[in-house]
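Okay, thanks for squeezing me in, everyone. I'll put the structure up and then walk through a few spots that I'd like us to look at together.

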Amino acid sequence: MTEIIPGLQGDIPAGSRRGVPFVGGPDKIAACAKHYAGDGGTQLGTNEGDTIIDPKEFFDIHMTAYYDAVVKGVATIMTSYSSWNAVKMHANRLLVTDFLKNRLKFKGFVISDWQGIDKITTPEHANYTYSIMAGINAGIDMFMIPHNYTEFIDGLTYLVKNKFIAMSRVDDAVKRILRVKFTMGLFENPLADYSMAKYLGSKEHRELAREAVRKSLVLLKKGKFSTKPLLPLSKKASKILVTGSHADNLGYQCGGWTIEWQGLSGDITDGTTILSAVKKTVDPKTQVIYNENPSENFVKSYTFDYAIVVVGELPYAETSGDNMNLTIPEPGPTTIKNVCSLVKCVVVLITGRPVVVQPYIKTIDALVAAWLPGTEGQGVTDVLFGDYGFTGKLAHTWFKSVDQLPMNVGDQHYDPLYPFGFGLTTKPRNNL
(Lines give C-alpha, C1' and ligand atoms only; values in the text may rest on other atoms or scores of the structure.)
Protein backbone atom coordinates (compact mmCIF):
# COMPACT_ATOMS: atom_id res chain seq x y z
CA MET A 1 0.00 0.00 0.00
CA THR A 2 2.98 2.33 0.34
CA GLU A 3 2.90 2.61 -3.46
CA ILE A 4 0.25 5.26 -2.91
CA ILE A 5 3.01 7.57 -1.61
CA PRO A 6 4.70 8.23 -4.99
CA GLY A 7 1.20 8.41 -6.46
CA LEU A 8 0.38 11.32 -4.16
CA GLN A 9 3.80 12.95 -3.84
CA GLY A 10 5.57 11.97 -7.06
CA ASP A 11 8.54 9.67 -7.58
CA ILE A 12 11.42 10.54 -5.31
CA PRO A 13 14.54 11.52 -7.32
CA ALA A 14 17.33 8.96 -7.58
CA GLY A 15 20.05 9.43 -5.00
CA SER A 16 17.82 11.32 -2.56
CA ARG A 17 18.65 11.10 1.13
CA ARG A 18 16.56 8.57 2.98
CA GLY A 19 13.84 10.00 5.17
CA VAL A 20 13.70 13.46 3.60
CA PRO A 21 10.14 14.49 2.64
CA PHE A 22 9.49 14.89 -1.08
CA VAL A 23 6.56 16.53 -2.87
CA GLY A 24 7.18 16.86 -6.59
CA GLY A 25 5.36 19.98 -7.71
CA PRO A 26 2.07 21.88 -7.45
CA ASP A 27 0.05 18.96 -8.84
CA LYS A 28 1.19 16.70 -6.00
CA ILE A 29 0.18 16.56 -2.33
CA ALA A 30 1.88 15.52 0.90
CA ALA A 31 1.14 11.96 1.99
CA CYS A 32 0.61 10.76 5.56
CA ALA A 33 1.57 7.26 6.73
CA LYS A 34 -0.74 6.18 9.53
CA HIS A 35 -1.52 5.08 12.15
CA TYR A 36 1.92 4.66 13.68
CA ALA A 37 2.22 1.90 14.73
CA GLY A 38 0.51 -1.42 15.27
CA ASP A 39 -3.10 -0.30 15.21
CA GLY A 40 -3.94 -3.19 12.89
CA GLY A 41 -2.92 -5.72 15.52
CA THR A 42 -4.84 -4.68 18.60
CA GLN A 43 -6.21 -7.30 20.96
CA LEU A 44 -9.49 -8.67 19.53
CA GLY A 45 -9.24 -6.03 16.79
CA THR A 46 -10.54 -3.36 19.13
CA ASN A 47 -10.41 0.15 17.69
CA GLU A 48 -7.95 2.30 19.71
CA GLY A 49 -6.98 -0.88 21.59
CA ASP A 50 -3.72 -2.44 22.75
CA THR A 51 -1.34 -4.37 20.48
CA ILE A 52 0.07 -6.99 22.83
CA ILE A 53 3.07 -8.48 21.07
CA ASP A 54 6.79 -8.95 21.64
CA PRO A 55 9.27 -6.49 20.06
CA LYS A 56 10.52 -8.86 17.33
CA GLU A 57 7.04 -9.60 16.02
CA PHE A 58 6.01 -5.97 16.39
CA PHE A 59 8.87 -4.73 14.22
CA ASP A 60 8.62 -7.64 11.76
CA ILE A 61 4.86 -7.26 11.23
CA HIS A 62 3.78 -3.73 12.07
CA MET A 63 6.82 -1.61 11.25
CA THR A 64 7.77 -2.86 7.79
CA ALA A 65 5.40 -0.52 5.92
CA TYR A 66 6.87 2.46 7.78
CA TYR A 67 10.41 1.55 6.69
CA ASP A 68 9.15 1.64 3.12
CA ALA A 69 7.17 4.85 3.62
CA VAL A 70 10.25 6.68 4.95
CA VAL A 71 12.37 5.43 2.04
CA LYS A 72 9.70 6.69 -0.39
CA GLY A 73 9.97 10.19 1.10
CA VAL A 74 6.65 10.33 2.92
CA ALA A 75 6.13 13.87 4.24
CA THR A 76 4.17 13.16 7.42
CA ILE A 77 3.42 10.28 9.80
CA MET A 78 0.44 10.16 12.17
CA THR A 79 0.54 8.50 15.58
CA SER A 80 -2.14 5.99 16.49
CA TYR A 81 -4.75 6.15 19.22
CA SER A 82 -3.75 2.59 20.04
CA SER A 83 -1.12 1.33 22.49
CA TRP A 84 1.76 -1.11 22.28
CA ASN A 85 1.93 -3.30 25.37
CA ALA A 86 -0.11 -0.73 27.34
CA VAL A 87 2.00 2.30 26.28
CA LYS A 88 -0.05 4.86 24.34
CA MET A 89 1.50 5.60 20.96
CA HIS A 90 0.92 9.33 21.46
CA ALA A 91 3.24 9.13 24.47
CA ASN A 92 5.75 6.58 23.12
CA ARG A 93 9.11 8.35 22.92
CA LEU A 94 10.89 5.06 22.19
CA LEU A 95 9.03 4.57 18.91
CA VAL A 96 8.41 8.17 17.83
CA THR A 97 11.73 9.82 18.62
CA ASP A 98 14.29 7.09 19.25
CA PHE A 99 13.21 4.78 16.45
CA LEU A 100 11.35 6.77 13.80
CA LYS A 101 13.31 10.01 13.96
CA ASN A 102 16.74 8.87 15.15
CA ARG A 103 17.02 5.32 13.81
CA LEU A 104 15.04 5.57 10.57
CA LYS A 105 16.18 9.19 10.01
CA PHE A 106 12.66 10.39 9.22
CA LYS A 107 12.91 14.14 8.50
CA GLY A 108 9.25 14.95 7.93
CA PHE A 109 6.91 15.81 10.77
CA VAL A 110 4.87 13.61 13.09
CA ILE A 111 1.26 14.64 13.63
CA SER A 112 -1.17 13.56 16.33
CA ASP A 113 -4.56 12.06 15.56
CA TRP A 114 -7.78 14.02 16.25
CA GLN A 115 -7.68 14.88 19.97
CA GLY A 116 -5.09 12.12 20.25
CA ILE A 117 -3.24 13.55 23.23
CA ASP A 118 -6.51 13.87 25.19
CA LYS A 119 -6.67 10.07 25.13
CA ILE A 120 -3.28 9.59 26.76
CA THR A 121 -5.12 9.71 30.09
CA THR A 122 -8.12 7.76 31.33
CA PRO A 123 -10.62 9.35 31.45
CA GLU A 124 -9.83 11.51 28.44
CA HIS A 125 -8.59 15.03 29.11
CA ALA A 126 -8.21 14.21 32.81
CA ASN A 127 -4.77 15.87 33.01
CA TYR A 128 -4.35 17.93 29.87
CA THR A 129 -1.12 19.60 30.95
CA TYR A 130 0.45 16.18 31.39
CA SER A 131 -0.93 15.04 28.03
CA ILE A 132 0.63 18.01 26.22
CA MET A 133 3.98 17.34 27.87
CA ALA A 134 3.86 13.59 27.18
CA GLY A 135 2.88 14.08 23.54
CA ILE A 136 5.44 16.70 22.58
CA ASN A 137 8.25 15.02 24.54
CA ALA A 138 7.42 11.75 22.82
CA GLY A 139 8.23 13.53 19.54
CA ILE A 140 4.92 14.67 18.08
CA ASP A 141 5.51 17.85 16.08
CA MET A 142 2.03 18.99 15.05
CA PHE A 143 -1.14 18.52 17.09
CA MET A 144 -4.64 18.05 15.77
CA ILE A 145 -6.63 20.13 18.27
CA PRO A 146 -10.09 20.66 16.78
CA HIS A 147 -11.73 22.51 19.67
CA ASN A 148 -9.68 23.50 22.74
CA TYR A 149 -6.69 24.94 20.89
CA THR A 150 -6.31 27.96 23.20
CA GLU A 151 -6.02 25.57 26.16
CA PHE A 152 -3.31 23.69 24.25
CA ILE A 153 -1.39 26.89 23.42
CA ASP A 154 -1.59 28.12 27.01
CA GLY A 155 -0.51 24.75 28.39
CA LEU A 156 2.39 24.40 25.97
CA THR A 157 3.59 27.94 26.70
CA TYR A 158 3.53 27.25 30.45
CA LEU A 159 5.45 23.97 30.02
CA VAL A 160 8.15 25.58 27.87
CA LYS A 161 8.57 28.60 30.17
CA ASN A 162 8.94 26.31 33.18
CA LYS A 163 11.41 24.00 31.39
CA PHE A 164 9.17 20.91 31.38
CA ILE A 165 9.56 20.98 27.59
CA ALA A 166 12.95 21.94 26.18
CA MET A 167 13.12 24.75 23.63
CA SER A 168 15.20 22.38 21.49
CA ARG A 169 12.15 20.09 21.23
CA VAL A 170 10.02 23.02 20.04
CA ASP A 171 12.75 24.01 17.57
CA ASP A 172 12.83 20.44 16.21
CA ALA A 173 9.06 20.45 15.69
CA VAL A 174 9.08 23.86 13.97
CA LYS A 175 11.99 22.88 11.73
CA ARG A 176 10.26 19.70 10.61
CA ILE A 177 6.97 21.48 9.87
CA LEU A 178 8.77 24.23 7.93
CA ARG A 179 10.76 21.63 5.99
CA VAL A 180 7.55 20.03 4.71
CA LYS A 181 5.98 23.42 3.94
CA PHE A 182 9.06 24.52 1.96
CA THR A 183 9.07 21.15 0.17
CA MET A 184 5.45 21.71 -0.83
CA GLY A 185 6.13 25.28 -2.00
CA LEU A 186 3.54 26.70 0.40
CA PHE A 187 5.45 29.93 0.97
CA GLU A 188 5.63 30.66 -2.76
CA ASN A 189 2.05 29.49 -3.41
CA PRO A 190 0.15 29.47 -0.12
CA LEU A 191 -3.37 29.31 -1.56
CA ALA A 192 -5.18 26.47 -3.28
CA ASP A 193 -4.76 26.21 -7.04
CA TYR A 194 -8.32 26.36 -8.28
CA SER A 195 -7.26 25.34 -11.77
CA MET A 196 -7.01 21.81 -10.37
CA ALA A 197 -10.71 21.77 -9.43
CA LYS A 198 -11.68 20.79 -12.97
CA TYR A 199 -10.19 17.35 -12.36
CA LEU A 200 -12.48 16.58 -9.42
CA GLY A 201 -15.06 14.05 -10.56
CA SER A 202 -13.71 14.19 -14.11
CA LYS A 203 -14.59 11.50 -16.64
CA GLU A 204 -11.02 10.21 -16.57
CA HIS A 205 -11.05 9.85 -12.79
CA ARG A 206 -14.48 8.18 -12.77
CA GLU A 207 -13.29 5.70 -15.38
CA LEU A 208 -10.31 4.86 -13.20
CA ALA A 209 -12.60 4.42 -10.18
CA ARG A 210 -14.87 2.19 -12.27
CA GLU A 211 -11.88 0.07 -13.26
CA ALA A 212 -10.90 -0.24 -9.59
CA VAL A 213 -14.41 -1.46 -8.77
CA ARG A 214 -14.49 -4.21 -11.36
CA LYS A 215 -10.98 -5.41 -10.50
CA SER A 216 -11.72 -5.56 -6.77
CA LEU A 217 -14.97 -7.56 -7.00
CA VAL A 218 -14.56 -11.13 -5.75
CA LEU A 219 -16.76 -13.88 -7.18
CA LEU A 220 -17.45 -16.36 -4.37
CA LYS A 221 -20.07 -18.51 -6.11
CA LYS A 222 -21.00 -18.71 -9.82
CA GLY A 223 -24.16 -20.78 -9.64
CA LYS A 224 -25.84 -23.69 -7.87
CA PHE A 225 -24.45 -26.07 -10.48
CA SER A 226 -20.99 -25.72 -11.99
CA THR A 227 -22.32 -26.92 -15.35
CA LYS A 228 -24.87 -24.07 -15.41
CA PRO A 229 -23.34 -20.94 -13.88
CA LEU A 230 -25.68 -17.98 -13.52
CA LEU A 231 -22.89 -15.53 -14.23
CA PRO A 232 -22.33 -13.69 -16.44
CA LEU A 233 -25.92 -12.51 -16.58
CA SER A 234 -27.82 -12.19 -19.83
CA LYS A 235 -28.38 -8.64 -21.04
CA LYS A 236 -31.28 -9.81 -23.21
CA ALA A 237 -33.48 -11.31 -20.53
CA SER A 238 -37.19 -10.60 -20.78
CA LYS A 239 -37.82 -9.47 -17.21
CA ILE A 240 -35.46 -9.12 -14.24
CA LEU A 241 -35.82 -8.09 -10.62
CA VAL A 242 -33.42 -5.70 -8.89
CA THR A 243 -33.87 -5.60 -5.15
CA GLY A 244 -32.23 -4.98 -1.80
CA SER A 245 -31.54 -2.11 0.57
CA HIS A 246 -28.28 -1.27 -1.23
CA ALA A 247 -29.44 -1.53 -4.84
CA ASP A 248 -30.35 2.13 -5.27
CA ASN A 249 -28.44 3.88 -2.48
CA LEU A 250 -25.28 5.75 -3.35
CA GLY A 251 -24.49 6.54 0.27
CA TYR A 252 -24.55 2.86 1.19
CA GLN A 253 -22.21 2.08 -1.72
CA CYS A 254 -19.71 4.63 -0.42
CA GLY A 255 -19.80 3.69 3.28
CA GLY A 256 -18.26 5.73 6.08
CA TRP A 257 -15.90 8.69 5.74
CA THR A 258 -17.91 9.97 2.76
CA ILE A 259 -19.26 13.55 2.95
CA GLU A 260 -19.64 12.95 6.69
CA TRP A 261 -17.65 10.93 9.23
CA GLN A 262 -20.12 8.05 9.55
CA GLY A 263 -21.36 8.29 5.96
CA LEU A 264 -24.94 8.89 4.89
CA SER A 265 -27.83 7.28 3.06
CA GLY A 266 -29.14 8.28 -0.36
CA ASP A 267 -27.87 10.52 -3.16
CA ILE A 268 -25.11 12.16 -1.14
CA THR A 269 -22.95 13.02 -4.18
CA ASP A 270 -22.79 12.47 -7.94
CA GLY A 271 -22.53 8.87 -9.00
CA THR A 272 -24.19 5.75 -10.36
CA THR A 273 -26.13 3.32 -8.19
CA ILE A 274 -26.13 -0.37 -9.07
CA LEU A 275 -29.81 -0.15 -10.08
CA SER A 276 -29.18 2.69 -12.52
CA ALA A 277 -26.12 0.83 -13.83
CA VAL A 278 -28.24 -2.26 -14.49
CA LYS A 279 -30.76 -0.18 -16.43
CA LYS A 280 -27.94 1.31 -18.53
CA THR A 281 -26.43 -2.11 -19.24
CA VAL A 282 -29.29 -4.40 -20.23
CA ASP A 283 -31.00 -4.49 -23.60
CA PRO A 284 -33.57 -1.71 -24.08
CA LYS A 285 -36.28 -4.37 -24.39
CA THR A 286 -35.43 -5.94 -21.01
CA GLN A 287 -37.94 -4.99 -18.34
CA VAL A 288 -36.20 -4.04 -15.07
CA ILE A 289 -38.51 -4.26 -12.04
CA TYR A 290 -37.21 -2.63 -8.84
CA ASN A 291 -38.60 -3.42 -5.39
CA GLU A 292 -36.38 -2.69 -2.39
CA ASN A 293 -37.78 -5.40 -0.14
CA PRO A 294 -40.36 -7.52 -1.97
CA SER A 295 -42.66 -10.05 -0.36
CA GLU A 296 -42.81 -13.65 -1.57
CA ASN A 297 -46.20 -12.88 -3.12
CA PHE A 298 -44.69 -10.02 -5.11
CA VAL A 299 -41.93 -12.27 -6.47
CA LYS A 300 -44.48 -14.99 -7.34
CA SER A 301 -46.64 -12.48 -9.22
CA TYR A 302 -43.97 -12.04 -11.93
CA THR A 303 -42.03 -14.41 -14.12
CA PHE A 304 -38.48 -13.19 -13.62
CA ASP A 305 -35.55 -14.57 -15.59
CA TYR A 306 -33.31 -13.80 -12.62
CA ALA A 307 -32.87 -11.37 -9.72
CA ILE A 308 -30.02 -9.15 -8.58
CA VAL A 309 -30.14 -8.79 -4.79
CA VAL A 310 -27.92 -6.01 -3.40
CA VAL A 311 -27.65 -6.02 0.40
CA GLY A 312 -24.99 -5.30 3.00
CA GLU A 313 -23.87 -3.26 5.96
CA LEU A 314 -24.95 0.27 6.80
CA PRO A 315 -22.21 2.92 6.63
CA TYR A 316 -19.86 3.19 9.61
CA ALA A 317 -16.42 4.41 10.57
CA GLU A 318 -14.07 3.49 13.40
CA THR A 319 -15.61 2.37 16.69
CA SER A 320 -19.15 2.71 15.32
CA GLY A 321 -18.34 -0.24 13.10
CA ASP A 322 -17.33 -2.55 15.94
CA ASN A 323 -19.65 -5.54 15.67
CA MET A 324 -19.48 -8.85 17.52
CA ASN A 325 -22.01 -10.54 15.20
CA LEU A 326 -21.01 -9.37 11.70
CA THR A 327 -24.44 -10.23 10.35
CA ILE A 328 -26.18 -8.56 7.42
CA PRO A 329 -28.78 -6.22 8.97
CA GLU A 330 -32.45 -6.62 8.17
CA PRO A 331 -34.16 -6.46 5.80
CA GLY A 332 -31.19 -8.00 3.92
CA PRO A 333 -31.67 -11.61 5.10
CA THR A 334 -35.44 -11.41 4.53
CA THR A 335 -34.92 -10.07 1.01
CA ILE A 336 -32.49 -12.91 0.22
CA LYS A 337 -35.01 -15.49 1.55
CA ASN A 338 -38.04 -14.03 -0.23
CA VAL A 339 -36.28 -13.66 -3.57
CA CYS A 340 -33.70 -16.42 -3.83
CA SER A 341 -36.08 -19.17 -2.73
CA LEU A 342 -38.29 -18.41 -5.75
CA VAL A 343 -36.07 -17.16 -8.58
CA LYS A 344 -32.49 -17.57 -9.76
CA CYS A 345 -30.50 -14.87 -8.01
CA VAL A 346 -27.09 -13.28 -7.64
CA VAL A 347 -26.45 -11.66 -4.27
CA VAL A 348 -24.10 -8.66 -4.33
CA LEU A 349 -22.69 -7.82 -0.91
CA ILE A 350 -21.86 -4.19 -0.08
CA THR A 351 -19.66 -4.47 3.02
CA GLY A 352 -16.42 -3.21 4.47
CA ARG A 353 -15.38 -6.73 5.54
CA PRO A 354 -16.45 -10.39 5.42
CA VAL A 355 -19.87 -10.94 7.01
CA VAL A 356 -21.94 -13.99 7.91
CA VAL A 357 -23.27 -15.55 4.68
CA GLN A 358 -23.15 -19.31 5.33
CA PRO A 359 -26.88 -19.54 6.23
CA TYR A 360 -27.78 -18.26 2.75
CA ILE A 361 -25.24 -20.08 0.59
CA LYS A 362 -27.52 -22.97 -0.39
CA THR A 363 -30.39 -20.62 -1.22
CA ILE A 364 -28.55 -18.28 -3.54
CA ASP A 365 -27.20 -19.10 -6.98
CA ALA A 366 -24.27 -16.69 -7.20
CA LEU A 367 -22.47 -14.54 -4.65
CA VAL A 368 -20.28 -11.48 -5.23
CA ALA A 369 -18.28 -9.53 -2.64
CA ALA A 370 -18.39 -5.96 -3.95
CA TRP A 371 -16.97 -4.35 -0.79
CA LEU A 372 -17.66 -0.57 -0.89
CA PRO A 373 -17.64 0.28 -4.61
CA GLY A 374 -18.20 4.01 -4.08
CA THR A 375 -19.79 6.19 -6.70
CA GLU A 376 -19.17 4.02 -9.76
CA GLY A 377 -21.82 1.31 -9.62
CA GLN A 378 -21.25 0.68 -13.32
CA GLY A 379 -18.06 -1.15 -12.34
CA VAL A 380 -20.25 -3.81 -10.70
CA THR A 381 -22.46 -4.33 -13.74
CA ASP A 382 -19.41 -4.35 -16.03
CA VAL A 383 -18.51 -7.70 -14.50
CA LEU A 384 -21.96 -9.09 -13.62
CA PHE A 385 -22.98 -8.90 -17.27
CA GLY A 386 -19.70 -10.16 -18.68
CA ASP A 387 -18.21 -7.11 -20.37
CA TYR A 388 -15.21 -7.89 -18.17
CA GLY A 389 -14.27 -11.05 -16.30
CA PHE A 390 -14.06 -11.52 -12.56
CA THR A 391 -10.41 -11.44 -11.44
CA GLY A 392 -10.47 -10.32 -7.78
CA LYS A 393 -9.14 -12.44 -4.90
CA LEU A 394 -9.94 -12.31 -1.20
CA ALA A 395 -7.49 -10.20 0.78
CA HIS A 396 -8.97 -11.63 3.98
CA THR A 397 -10.11 -15.07 5.10
CA TRP A 398 -13.91 -15.40 4.96
CA PHE A 399 -15.20 -17.18 8.06
CA LYS A 400 -18.11 -19.57 8.44
CA SER A 401 -19.03 -18.28 11.88
CA VAL A 402 -17.78 -15.43 14.08
CA ASP A 403 -17.00 -18.12 16.68
CA GLN A 404 -13.98 -18.98 14.52
CA LEU A 405 -12.46 -15.51 14.85
CA PRO A 406 -9.67 -14.58 14.90
CA MET A 407 -8.73 -16.95 12.06
CA ASN A 408 -5.66 -16.71 9.85
CA VAL A 409 -3.85 -18.79 7.27
CA GLY A 410 -1.56 -21.23 9.06
CA ASP A 411 -3.82 -21.73 12.08
CA GLN A 412 -3.98 -25.35 13.21
CA HIS A 413 -7.73 -25.54 12.68
CA TYR A 414 -8.01 -23.32 9.60
CA ASP A 415 -11.50 -24.06 8.30
CA PRO A 416 -12.84 -21.03 6.41
CA LEU A 417 -15.90 -20.69 4.27
CA TYR A 418 -13.64 -19.12 1.63
CA PRO A 419 -9.86 -19.14 2.17
CA PHE A 420 -7.50 -16.19 1.90
CA GLY A 421 -6.75 -15.60 -1.80
CA PHE A 422 -9.95 -17.27 -3.01
CA GLY A 423 -11.82 -15.87 -6.00
CA LEU A 424 -13.51 -17.54 -8.95
CA THR A 425 -12.72 -16.14 -12.37
CA THR A 426 -14.75 -15.65 -15.53
CA LYS A 427 -13.90 -14.57 -19.04
CA PRO A 428 -15.51 -11.59 -20.75
CA ARG A 429 -18.55 -12.53 -22.80
CA ASN A 430 -20.26 -9.98 -25.00
CA ASN A 431 -23.67 -9.82 -26.65
CA LEU A 432 -25.34 -12.16 -24.15
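So, to start: how many bridges join strand β10 to β11, and do they run parallel or antiparallel? The count is six, and the two strands run parallel. Before I go on, please keep in mind that this is a predicted model.

Let's stay with that pair for a moment. β10 covers residues 306–312, and β11 covers 345–350. If you want a register marker, take Val309, which sits opposite Val347 in β11. Getting from one strand to the other involves helix α12, residues 332–340, and together β10, α12 and β11 form a β-α-β unit that is right-handed.

β11 has another partner as well. Strand β12, residues 366–369, pairs with β11 in the parallel sense, over four bridges. Here the marker is Leu349, with Ala369 of β12 opposite.

Now, how many of the residues in β11 are buried? Six of its six, so to speak the full run. Look at the side chains: Cys345, Val347 and Leu349 point one way, Val346, Val348 and Ile350 point the other way, and all of them are buried.

Next stop, Arg169. You'll find Arg169 in helix α7, which spans residues 167–184. Is Arg169 buried or exposed? Buried, because its relative accessibility is 10% and the cut-off for buried is under 20%.

What does this arginine touch, leaving aside residues up to four places away in sequence? The list is Lys101, Ile136, Asn137, Gly139, Ile140 and Asp141. Asp141 deserves a closer look: the side chains of Arg169 and Asp141 make a polar contact at 2.5 Å. In sequence those two are 28 residues apart, while their C-alpha atoms lie 8.7 Å apart in space. The Arg169 side chain also makes a polar contact with the side chain of Asp172, at 2.8 Å.

Last one, another sheet. This is an open sheet of three strands, in the order β2-β4-β5, and the pairing is mixed. β2 (50–51) and β5 (87–88) are the edge strands, each pairing on one side only. Between β2 and β4, residues 83–84, there are two bridges, and those strands run parallel. Asp50 is the residue to click on there, with Ser83 of β4 opposite.

That's my tour, happy to rotate things around if anyone wants another view.

Conventions:
Residues numbered from 1 in each chain as written. Predicted model: local features only at pLDDT ≥ 70, side-chain atom pairs only at ≥ 80, totals over all residues. Heavy atoms only, no water. Pairing = 2+ DSSP bridges. Buried < 20%, exposed > 50% of the residue type's maximum accessible area, 1.4 Å probe, protein only. Contact = heavy atoms within 4.5 Å. Polar contact = N/O pair within 3.5 Å; in protein donor to acceptor, adjacent residues only side chain to side chain. Right-handed = clockwise from strand over helix to strand, strands pointing away.
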